[in-house]
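Let's take a friendly walk through this model, one region at a time. Have the structure open as you read.

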Amino acid sequence: MVDLSVQLSGVELKNPIIPASGTFGYGREFAELYDLNILGSFSWKGTTREARIGNPLPRIAETPSGMLNAVGLQNPGIDAVIRDEVPNIAKLFDGPIIANIGGFSVEEYAENCAKLNDIEQVKILEINISCPNVHAGGKNFGCDPSAAAEVTRAVKAVTKKPVFMKLTPNVSDIAEIALACAEAGADGICLINTLLGMRIDLRTRRPVLANRTGGLSGPAVFPVALRMVYDVFEKVKLPIIGCGGVASAEDAVEMMLAGAAAVEVGAANLKNPYACRDIIAELPAVCAKYGISDIKDIIGKAH
């Protein structure tokens with residue numbers, strides 16, 4: 001019998017598979033397809049202070065081995081999520097929830113996280129610092145070590161829940177950003193978010209996305225994500241949630257060997273809504289194939 005249980009900063013997960021933020025909503029649609037209680041956890045849709053309708057259409061485009069998205073953090077706002085979605089999640093899933101939180105100022109991140117202090121089922125805060133800092137000319141918080149550290153400190157000051165900083169890969173040295181977050185008090189790191197990309201329509205000779213650029217995800221980014229998880233594991237002694245192109249149980253094992261303590265599955269959910277269910281079902285056989293009796297034992301073993 002393979003032990004699939006893992007731990008993230010003291011939070012117990014029955015297995016390491018977590019649907020990634022932005023690909024699973026707040027669980028409603030997927031609960032119609034399978035029992036969410038098979039999941040280790042799930043990361044809810046990126047949530048901001050105010051409701052957002054997102055970017056203009058078109059905002060999704062297929063690419064070879066992946067997709068581009070420029071959804072623009074469409075969400076109902078933190079108060080509506082607490083009022084409407086949190087009670088519904090409790091009916092659908094009895095495990096620990098990861099709350100993905102966005103913000104356009106340091107104050108907004110802190111305010112959103114403080115509002116979740118009394119939400120018992122939310123066990124981990126996943127802070128998306130790929131958001132543009134409106135007070136710094138629009139440069140993303142996650143592109144600058146000092147800005148990333150400032151958000152980390154602000155969030156840690158208002159919560160006792162574990163704080164995992166979700167990092168953008170669109171930087172020259174992601175390990176430097178991770179280290180800044182760690183030194184500012186982060187409890188863990190989540191990486192990677194999407195890579196910046198674009199496509200051009202040959203007929204119109206214009207960008208396919210109305211936003212011009214979007215985030216590239218899917219199998220195409222897996223080798224990049226794997227390398228970045230490996231680099232951050234070398235630099236920072238914190239638990240890592242690895243994500244980016246994971247589409248199979250083998251991918252999950254590979255990501256854990258690179259240093260991930262748990263694995264998020266993103267774009268694969270949009271191609272196959274049963275992706276997480278299938279990966280969890282396949283994990284015991286894959287572990288057995290490679291002589292793994294306790295999946296925790298392989299974390300970082302490629303180093």
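A polar contact here is a pair of N or O atoms within 3.5 Å; within protein, one must be able to donate a hydrogen and the other to accept it. Please keep in mind that this is a predicted model.

## Helix α5 and its surroundings

A good place to use that definition is the start of α5, where a side-chain oxygen of Asp173 reaches to within 3.2 Å of the backbone nitrogen of Ala175. Helix α5 itself covers residues 174-183, and its buried residues are Ile174, Ala175, Ile177, Ala178, Ala180 and Cys181. So Ala175 appears twice in this picture: its backbone nitrogen is approached by Asp173, and the residue is buried.

What covers the buried residues of α5? The cover includes α4, β9 (163-166), β10 (188-191) and α6 (222-235). After α5 comes Gly185, with a positive phi near 110°.

## Two helix pairs

Helix α3 (residues 106-114) and helix α4 (residues 145-156) have axes that come within 8 Å and cross at roughly 30°. Angles under 35 degrees count as roughly parallel, and α3 and α4 are therefore roughly parallel to each other. Their crossing is right-handed. On the α3 side, Val106, Tyr109, Ala110 and Cys113 take part, meeting Glu150, Val151, Ala154 and Val155 of α4. Sorted by class, this contact has 7 nonpolar, no polar and 1 charged residues.

The second pair is α6 with helix α7 (residues 249-258), whose axes also come within 8 Å and cross at roughly 30°. Again, α6 and α7 are therefore roughly parallel to each other. From α6, the contact uses Phe222, Ala225, Leu226, Val229, Tyr230 and Phe233, while α7 brings Asp251, Glu254, Met255 and Ala258. By class, the contact of α6 with α7 has 8 nonpolar, no polar and 2 charged residues.

## Two buried strand residues

Is Lys166 buried or exposed? Lys166 is found in strand β9, and at 5% relative accessibility it counts as buried, because the cut-off for buried is under 20%. Leaving aside residues up to four places away in sequence, Lys166 touches Asn100, Glu126, Ile127, Asn128, Ile129, Cys190, Ile192, Asn193, Cys243 and Glu264.

Leu195 sits in strand β11 (residues 195-197). With a relative accessible area of 18%, Leu195 is buried as well. Its contacts, not counting residues up to four places away in sequence, are Pro169, Asn170, Gly214, Gly215, Leu216, Val221 and Val224. The C-alpha atoms of Leu195 and Leu68 are separated by 9.0 Å, with these positions 127 residues apart along the chain.

## Backbone details worth a look

Most residues other than glycine have a negative phi, and most peptide bonds are trans. Which peptide bonds are cis? One is the bond from Leu57 to Pro58, with omega near -5°, and Pro58 is placed in the loop between β4 (42-43) and β5 (60-63). Another is the bond from Leu191 to Ile192, with omega near 10°; Ile192 belongs to the loop between β10 and β11 and is one of the residues touched by Lys166.

Positive phi values turn up at Ser9, about 50°, and at Arg212, near 75°, and neither residue is a glycine. Ser9 lies in the loop between β1 (6-8) and β2 (11-13) and, at 33% relative accessibility, counts as partly exposed. Arg212 lies in the loop between β13 (206-207) and β14 (214-217); at 49% relative accessibility, Arg212 counts as partly exposed.

Conventions
Residues numbered from 1 in each chain as written. Predicted model: local features only at pLDDT ≥ 70, side-chain atom pairs only at ≥ 80, totals over all residues. Heavy atoms only, no water. Axes fitted to C-alpha atoms, helices over the stretch in contact; angles between N-to-C directions. Helix = DSSP H or I, 4+ residues; strand = E, 2+ residues; numbered from the N terminus. Parallel < 35°, antiparallel > 145°, perpendicular 65-115°, else oblique. Left-handed = near helix turned anticlockwise from the far one by under 90°. Contact = heavy atoms within 4.5 Å. Nonpolar A, V, L, I, M, F, W, Y, C, P; charged D, E, K, R; others polar. Buried < 20%, exposed > 50% of the residue type's maximum accessible area, 1.4 Å probe, protein only.
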